[in-house]
Structures are given as structure tokens and as C-alpha cells.
Amino acid sequence: MVIDGAENSVYDVFSVADDDFALIFPGGTDIAFIEDVERRTDADAVFEALKRSWPHRIPKREAMGIHGIVFYGLYVKRKYYPTLRDEEAVNPDGSRLR
């Protein structure tokens, strides 16, 4: 799923090949912030993987699961995901969100 910080964003879901998913979400993570991706040594490869995914949007009603979230322009939320794993999301004081 892609969540964009734009006021008119629509939170689309995309099908991504397993190899591309592993590039976008390394080491078992399932959260990515584009600002972090830009600083990665493999940023070009990650952006190519994202580019390959854009033609493969899936209507949410047809999605069989959301396995990762890419945030664009929402780096302010990074503090809630220190491990880049959705299930480990925390409040700013470190207490768990779930």
C-alpha cells in the first residue's frame, strides 16, 4: 500500500513481485519511508522496483492482503515505526500502539 502525504491522495494497493518486495522492504520490514529510501545505497534499485509496481494497482476490494506500506511525504510518522515493522508501532513515549 502506498500512503502519500498529498491532501488528495487515495492510498492505493499494488501487486509487487517477491524480489521487488524484498528490495523495497529489506530484512523482514514492512514499512518504508521514501525519505529513508532516498538515502539507501540501493535507492536506484528500489525506485526501479517501485516504478515496476505502478501499473499493477489492485482495487482494495480485490486485495488479498496488505504486506507492506510505503509512506511518501509523511516522515513525521517515522517516529511511530522505529523498527519499520507495522506490528511494532509505538507512541512517541515508546509505549506500544497495539
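In this predicted model, A49 is in contact with D20, L23 and I24, once its neighbours within four places in sequence are left aside. A49 and I24 both belong to the largest nonpolar core, which has 11 residues, while D20 takes part in a salt bridge with R52. The points below take up the cores, the aromatic pairs, the salt bridges and two further residues in turn.

**Nonpolar cores**

- The largest nonpolar core consists of V2, F14, I24, F25, A32, I34, V37, V46, A49, L50 and V70, which makes 11 residues.
- Two or more residues of this core come from each of the elements α2 and α3, and the element that gives the most is α3, with 3 residues.
- Apart from this core lies another one, of 9 residues, which includes I3, F33, F71 and L74.
- As a general background to such groupings, nonpolar side chains tend to be buried together in soluble globular proteins.

**Aromatic pairs**

- A search of the whole structure yields 6 aromatic pairs.
- In one of them, the ring centres of F21 and F25 are 4.6 Å apart and the ring planes stand at 40°, so this pair is classed as tilted, given that planes under 30 degrees apart count as stacked and those over 60 as edge-to-face.
- The partners of this tilted pair fall into separate accessibility classes: F21 counts as partly exposed, at 25% relative accessibility, whereas F25 counts as buried, at 7%.
- F33 and F71 form a stacked pair, with 4.8 Å from centre to centre and 15° between the planes, and both of these residues are buried.
- Because F33 lies in strand β3 (residues 31–33) and F71 lies in strand β5 (residues 69–72), their pair ties together parts that are 38 residues apart in sequence.
- F33 and F71 also belong to a cluster linked by ring pairs, in which they are joined by Y75 and Y81, and both phenylalanines are among the residues of the 9-residue core.

**Salt bridges**

- The search of the whole structure finds 6 salt bridges; in general terms, side chains of opposite charge can pair when their charged atoms come close.
- One of these bridges joins D20 to R52, with 2.5 Å between the closest N and O atoms.
- Since D20 lies in helix α1 (residues 18–24) and R52 in helix α3 (residues 43–53), the D20 and R52 pair ties together parts that are 32 residues apart in sequence.
- Within this bridge, D20 is buried, with a relative accessible area of 10%, whereas R52 is partly exposed, with a relative accessible area of 41%.
- R78 and D36 meet through their side chains in a salt bridge, at 2.7 Å from N to O.
- R78 lies in the segment after β5 and D36 in helix α2 (residues 34–39), so the R78 and D36 bridge ties together parts that are 42 residues apart in sequence.
- D36 counts as buried, at 16% relative accessibility, because the buried class covers values under 20%.
- A further bridge is formed between the side chains of D42 and R40, at 2.9 Å from N to O; D42 is partly exposed, with a relative accessible area of 27%, and R40 is likewise partly exposed, with a value of 21%.
- Salt bridges that share partners join D36, R39 and R78 into one network.

**T29, in the loop between α1 and β3**

- T29 is placed in the loop between α1 and β3, and with a relative accessibility of 14% it counts as buried.
- A polar atom of the T29 side chain lies 2.9 Å from the backbone oxygen of P26.
- When neighbours within four places in sequence are left aside, T29 is in contact with T83, L84 and R85.

**S53, in helix α3**

- S53 is found in helix α3, the helix that also holds R52, and S53 is buried, with a relative accessible area of 4%.
- Not counting residues up to four places away in sequence, S53 touches F14, S15 and V16; of these, F14 is listed in the 11-residue core.

Terms used. Residues are numbered from 1 along each chain as its sequence is written. This is a predicted model: local features need pLDDT of at least 70, side-chain atom pairs count only at pLDDT 80 or more; totals for chains, interfaces and linings use all residues. Side-chain values use heavy atoms; hydrogens and water are left out. Rings of Phe, Tyr and Trp (its six-membered ring) pair if their centres lie within 6.5 Å; planes under 30 degrees apart count as stacked, over 60 as edge-to-face and the rest as tilted. Buried means under 20% relative accessible area, exposed over 50%, partly exposed in between (1.4 Å probe, protein chains only). Helices (H or I, at least four residues) and strands (E, at least two) are DSSP runs, numbered from the N terminus. A salt bridge is a side-chain nitrogen of Lys or Arg within 4 Å of a carboxyl oxygen of Asp or Glu. A polar contact is a pair of N or O atoms within 3.5 Å; within protein, one must be able to donate a hydrogen and the other to accept it, and residues adjacent in sequence count only if both atoms are side-chain atoms. Contact means heavy atoms within 4.5 Å. A nonpolar core is a set of buried Ala, Val, Leu, Ile, Met, Phe, Trp, Tyr and Cys residues joined through side-chain atoms within 4.5 Å.
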